[in-house]
Amino acid sequence: MSGDPYSERVRQLFEAPRHAGSLGGALSATLEDQGVRIRLAAEIADGEMRTLRFQAWGCPHVIAVAEAFCADYEGKSVSTLLEFSVSDLMQSLSVPVEKTGRILVIEDAVRSLGNIVRDASNPDD
Amino acid sequence: MIERAALVYLDYAASTPVDSRVAKAMTALMTVDGNFANPSSTHAAGRRSVEHIAHAAGQLAALLNTDADRLIWTSGATESDNLAILGGAHFRQERGRHLITMRTEHKAVVDPFNVLEKQGFEVTWLDPETDGVLDIAKLEAALRQDTQLVSIMHVNNETGVVQDIEQIGTVCRARDVLLHVDAAQSVGKLPIDLEALPVDLMSMTAHKVYGPKGIGALYIADRPGVHVDPLLFGGGQQQRLRPGTLPVQQIVAFGMTAEIARSRMSDDLEHLRAMHNRFWSGIRDLPGVLVNGCIETGFPGILNVSIEDIEGESLLLALEPLCVATGSACNSQIQEPSYVLRALGRSDALAQSAIRFSFGRPTRIEHVDFAIDRYRSAIEKLRRIAPERVQ
């Protein structure tokens with residue numbers, strides 16, 4: 001016997017992932033690990049992430065966390081990418097601890113995107 | 001929360017609703033004006049319960065073309081499987097301790113064999129062909145002088161693959177080896193003639209055929225050397241093979257479901273074929289879709305499909321409010337690929353994307369069309385949001 005493995009919020013994010021898609025010409029990071037494929041793309045202006053999009057192949061929690069990240073971080077400073085941790089999102093979405101490995105792939109992808117954005121902003125560094 | 005009314009149920013291989021006539025008869029028996037008396041009691045009310053049970057046994061026996069006294073009532077197919085396999089192996093262990101089964105059996109068969117292996121029995125686990133069917137030559141090659149029991153299911157619960165139990169039974173009978181058949185998915189759905197079939201033990205349950213949960217039966221053939229040791233002790237009921245107060249209302253319900261199934265089996269099969277064919281026609285053009293099992297020879301009540309490059313857990317959620325079964329066995333919060341589909345040679349990814357659609361008497365064309373639409377849109381959505389593979 002098992003209860004509902006998904007919180008109401010996960011169901012909402014999975015059902016309507018408003019940030020799913022790609023951004024032509026934007027900076028992007030793609031990772032594949034732990035049975036998860038994730039691609040994050042960002043349009044940057046004035047040091048802020050104007051638009052964030054994701055593409056994901058994974059379980060509903062992966063898609064929900066990716067959607068929640070994009071929704072939360074649009075409009076924030078690009079510097080926040082390098083400090084991103086999935087732990088708060090995992091807690092708020094009640095992601096089962098058994099899925100930590102695959103959710104951490106999203107954290108790695110966000111930080112990878114952060115590095116790409118930083119390098120693009122400071123090409124001489 | 002999904003509203004009850006919005007659910008579209010296509011999981012009839014897991015369980016079926018109780019036929020309303022059966023539910024009414026059951027309820028009537030349980031109350032003070034019914035026949036609630038213990039059938040072991042010798043008073044008039046008890047004797048009346050015995051008559052009800054005898055009538056129900058006759059109804060089930062008629063469905064299977066056997067004698068009513070060959071049927072032992074149990075709590076369901078799991079108990080029947082355990083009684084047949086553990087009881088049969090123990091009864092015959094003086095003659096030998098080698099047993100044979102398949103890797104695609106239900107857990108109710110697999111686990112008793114695992115127990116017997118721990119008890120020192122030797123088990124040969126046969127692999128199916130890629131279509132799920134057992135190659136009889138493999139069975140013949142696996143039989144030994146000390147083989148005492150073979151257990152092969154009739155209709156596979158995940159894939160709908162139908163095994164040729166007549167041929168399997170003929171091979172076993174020629175070597176005086178007991179054949180147990182888990183027929184949980186086939187009794188009341190496919191014709192079974194136990195007078196003609198060389199089957200020694202057969203497990204069945206009511207709730208897969210529009211009866212209540214909690215009642216099943218084990219058929220034990222009337223043939224020398226065919227017997228089982230009991231698993232339960234505590235009373236003399238049912239020739240001491242399965243003691244315990246008999247649940248009159250459950251047994252009466254099983255008998256009624258058997259009679260109803262017998263009267264409409266060909267209509268049911270025709271209906272299932274129509275639903276099955278309509279659904280398959282509606283999804284077969286999707287790129288990467290694969291049938292697990294055999295579309296032509298499988299039981300039409302079950303269609304198990306995998307699809308390339310789709311994550312199974314997300315697919316299952318995207319299919320809601322369809323009630324269907326995943327090919328995965330849920331292990332905690334992580335879904336593991338089905339061992340049945342792995343045995344058919346499917347990769348972990350394909351096994352994990354498998355969905356079992358199973359149809360029943362209440363299934364209507366609208367349900368099937370809804371399922372087609374839902375499956376196609378779920379696949380389209382998940383492919384749309386998936387990135388290209390990293391090179």
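Here is a short chat about a predicted model of two chains, A and B.

Visitor: Let's start with chain A. In what order do the elements of chain A run from the N terminus on?

Guide: Chain A has 4 helices and 3 strands to place. Going from the N terminus, the order is α-β-β-β-α-α-α.

Visitor: What radius of gyration does chain A have, next to that of a compact globule?

Guide: The C-alpha atoms of chain A fill a box of roughly 60 × 25 × 20 Å along the principal axes. For 125 residues, a compact globule would come out near 14 Å, and chain A agrees with that, at 14 Å.

Visitor: Are α1(A) and α2(A) roughly parallel or roughly perpendicular to each other?

Guide: Helix α1 (residues 8–15) of chain A packs on helix α2 (residues 60–73) of chain A, with the axes 8 Å apart and an angle of about 80°. Angles of 65 to 115 degrees count as roughly perpendicular. So α1(A) and α2(A) are roughly perpendicular.

Visitor: Which residues of α1(A) make that contact?

Guide: By class, the contact has 7 nonpolar, 1 polar and 1 charged residues. On the α2(A) side you'll find Pro60(A), His61(A), Ile63(A), Ala64(A), Glu67(A) and Ala68(A). On the α1(A) side it's Val10(A), Leu13(A) and Phe14(A).

Visitor: Which residue of chain A has a positive phi although it is not a glycine?

Guide: Look in the loop between β1 (27–33) and β2 (36–45) of chain A. The residue there has 16 C-beta neighbours inside 10 Å, so it counts as partly exposed. Its phi is about 55°, and its name is Gln34(A).

Visitor: Is Arg118(A) buried or partly exposed?

Guide: Arg118(A) sits in helix α4 (residues 100–121) of chain A. Being buried takes 20 or more other C-beta atoms within 10 Å, while exposed means 12 or fewer. Arg118(A) has 14, so the verdict is partly exposed.

Visitor: Over to chain B. What radius of gyration does chain B have?

Guide: Chain B has 11 helices and 15 strands, and its C-alpha atoms fill a box of roughly 75 × 55 × 40 Å along the principal axes. A compact globule of 391 residues would be near 21 Å, which agrees with the value for chain B, 22 Å.

Visitor: How far apart are the centres of domain 1 of chain B and domain 2 of chain B?

Guide: Chain B is divided into domain 1 (4–15 + 265–384) and domain 2 (20–260). Taken over C-alpha atoms, their centres are separated by 28 Å.

Visitor: Which element gives the largest share of the side of domain 1 of chain B that touches domain 2 of chain B?

Guide: The contact takes 24 residues from domain 1 of chain B and 24 residues from domain 2 of chain B. On the domain 1 side, the elements giving two or more residues are α7 (248–283), β10 (302–307) and α9 (339–343) of chain B. The largest share, 4 residues, comes from α9(B).

Visitor: Is Lys189(B) buried or exposed?

Guide: Lys189(B) lies in the loop between β6 (178–182) and β7 (201–205) of chain B. Leaving out residues up to four places away in sequence, Lys189(B) touches Val209(B), Asp268(B) and Gly301(B). The cut-off for burial is 20 or more other C-beta atoms within 10 Å. Lys189(B) has 23 such neighbours, so this lysine counts as buried.

Visitor: Which two residues of chain B does a cis peptide bond join?

Guide: One partner, Pro321(B), is found in the loop between α8 and β11 (322–323) of chain B. With omega at about 15°, the cis bond joins Glu320(B) and Pro321(B).

Visitor: Last one, on how the chains meet. Which helix gives the largest share of the side of chain B that touches chain A?

Guide: In this contact, 13 residues of chain B meet 20 residues of chain A. The chain B side divides into 7 nonpolar, 3 polar and 3 charged residues. Its largest share, 3 residues, comes from residues 312–318 of chain B, that is, helix α8.

Conventions. Residues numbered from 1 in each chain as written. Chains lettered and ligands numbered in written order. Predicted model: local features only at pLDDT ≥ 70, side-chain atom pairs only at ≥ 80, totals over all residues. Contact = placed C-beta atoms within 7 Å. Nonpolar A, V, L, I, M, F, W, Y, C, P; charged D, E, K, R; others polar. Domains from an automatic or database assignment. Rg over C-alpha atoms; globule rule 2.2 N^0.38 Å. Axes fitted to C-alpha atoms, helices over the stretch in contact; angles between N-to-C directions. Parallel < 35°, antiparallel > 145°, perpendicular 65-115°, else oblique.
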